[in-house]
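Please look over the structure shown here before reading the report, and keep the sequence at hand while following the residue numbers.

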Amino acid sequence: FANRNAVLCWCTIFFTSFQAISLTVLMPLRFQTVTGAGADSAALHLLPLAMGLPMGAYCAGRLTSVTGRYKPMILGGRRLSPQAILGMAFSAPQALGLTAVFMLLCGIAGGMQFPTSLVGAQNSVEQRDIGVATSTTNLFRSLGGAVGVALMSALLLALLQDSSFAHLAGSSMIAEGRSGNVLLDGLNAAPGEAQNALRAELLLTFRHLLMVSAAVSLLGLAAAVAMPNRVL
């Protein structure tokens, strides 16, 4: 941890995993509740994100091997990530094509950072410490996903406390942490005309949530900017 470049690579992959894993939880829930689609359609809604990850990883890996530098790939992905998340925040879930484009860009941004951050951490240490650097990178990757899901879900529940769902679904259900059940049960319990108002309120709630996610992504951008531009 005294190795500054390795720590910055770990911070970068932490926030990359934070975004990628939390989005796989939030985006299907947003799509299912706001549009009224089923769980199968919500799962298919994640395909652009899943496709973007290997695309970004392949392109970043090839460019890193050609140029010998990994920071430009990490920095490019970190700059693209908050913009793609903001694009998802302000695009309607019903606009499937536009949302898919932003989700694809978000996947590409994450894919550009996962392998390059690992290579950067390995390149920053002595040969005898490569195993430790690799395992620590995987630790921060797993930790980022766990923290991302926990924090973003907690924020979603906090936002729901101030919405009509606190009265419609009951405060006890929200307090128990069953965010998905609260949203779906609350929508099903509302009469037809009230559902439209609730869906509009949910759309605004998820927009605020994604804006917070984009702001958190800027912390990873700060780590990428501070990273030394070393040659492999």
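The report below covers the overall fold, the confidence of the model, its cavity and four selected residues.

## Model and confidence

This is a predicted model, and its chain has an average pLDDT of 87, with 86% of the residues scoring at least 70. Confidence varies along the chain: among the elements, helix α4 (residues 71-89) has the highest mean pLDDT, at 95, while helix α8 (residues 171-175) has the lowest, at 45.

Over residues 169-177 the pLDDT stays under 50, and for this stretch the model has 14 contacts beyond four places in sequence.

## Overall architecture

The chain is built with 10 helices and 0 strands, so that, by the helix and strand assignment used here, the elements read from the N terminus as α-α-α-α-α-α-α-α-α-α. Of its 232 residues, 47% count as buried, and the surface that the chain exposes comes to about 10500 Å², of which carbon and sulfur atoms supply 65%.

Among contacts in the chain with a separation of 6 or more, 77% are accounted for by residues 24 or more positions apart.

## The cavity

A search of the whole structure finds 1 cavity of 30 Å³ or more, and the volume of the largest cavity is about 60 Å³. Its lining is made up of Thr-16, Gln-19, Ala-20, Leu-23, Leu-49, Ser-81, Cys-106, Ala-109, Gly-110 and Gln-113. Helices α1 (4-35) and α5 (96-123) each supply at least two residues of that lining.

What is the chemical character of the residues that line the largest cavity? They divide into 5 nonpolar and 5 polar, with no charged residue.

## Buried hydroxyl residues

Which residues does Ser-217 touch, not counting those up to four places away in sequence? Ser-217, which lies in helix α10 (residues 192-226), touches Gln-19, Arg-78, Ser-81 and Pro-82; among these partners, Gln-19 and Ser-81 also belong to the lining of the largest cavity. Ser-217 counts as buried because its relative accessibility is 0%, where buried means under 20%.

Thr-137 is part of helix α6 (residues 130-161) and likewise counts as buried, because its relative accessibility is 1%. Leaving out residues up to four places away in sequence, Thr-137 touches Trp-10, Ile-13, Leu-118 and Ala-121.

## A loop residue and a helix residue

Is Ser-124, in the loop between α5 and α6, buried or exposed? Ser-124 is buried, because its relative accessible area is 9%. Beyond residues up to four places away in sequence, Ser-124 touches Asn-3, Asn-5, Ala-6, Tyr-70 and Arg-230. The C-alpha atoms of Ser-124 and Leu-232 are separated by 9.0 Å, although these two residues are 108 residues apart along the chain.

Thr-35 is found in helix α1 and counts as partly exposed, because its relative accessibility is 28%, a value that falls in the range between the 20% limit for buried and the 50% limit for exposed. Setting aside its neighbours within four places in sequence, Thr-35 is in contact with Arg-30, Pro-93, Gln-94 and Arg-199. For Thr-35 and Pro-93, which are 58 residues apart along the chain, the C-alpha atoms are separated by 6.8 Å.

Note on methods:
Residues are numbered from 1 along each chain as its sequence is written. This is a predicted model: local features need pLDDT of at least 70, side-chain atom pairs count only at pLDDT 80 or more; totals for chains, interfaces and linings use all residues. Side-chain values use heavy atoms; hydrogens and water are left out. On a 1 Å grid over the protein atoms alone, a cavity is a set of points where a 1.4 Å probe fits but cannot get out, and a pocket is an open set with protein on both sides within 12 Å along at least five of seven lines; lining residues have an atom within 4 Å of a point. Grid points are joined across faces, edges and corners, and a volume is the space filled by probe spheres set on the points. Helices (H or I, at least four residues) and strands (E, at least two) are DSSP runs, numbered from the N terminus. Ala, Val, Leu, Ile, Met, Phe, Trp, Tyr, Cys and Pro count as nonpolar, Asp, Glu, Lys and Arg as charged, and the others, Gly among them, as polar. pLDDT is the predictor's confidence in each residue, from 0 to 100. Contact means heavy atoms within 4.5 Å. Buried means under 20% relative accessible area, exposed over 50%, partly exposed in between (1.4 Å probe, protein chains only). Accessible areas come from the Shrake-Rupley method with a 1.4 Å probe; for residues, only the protein chains shown count as cover.
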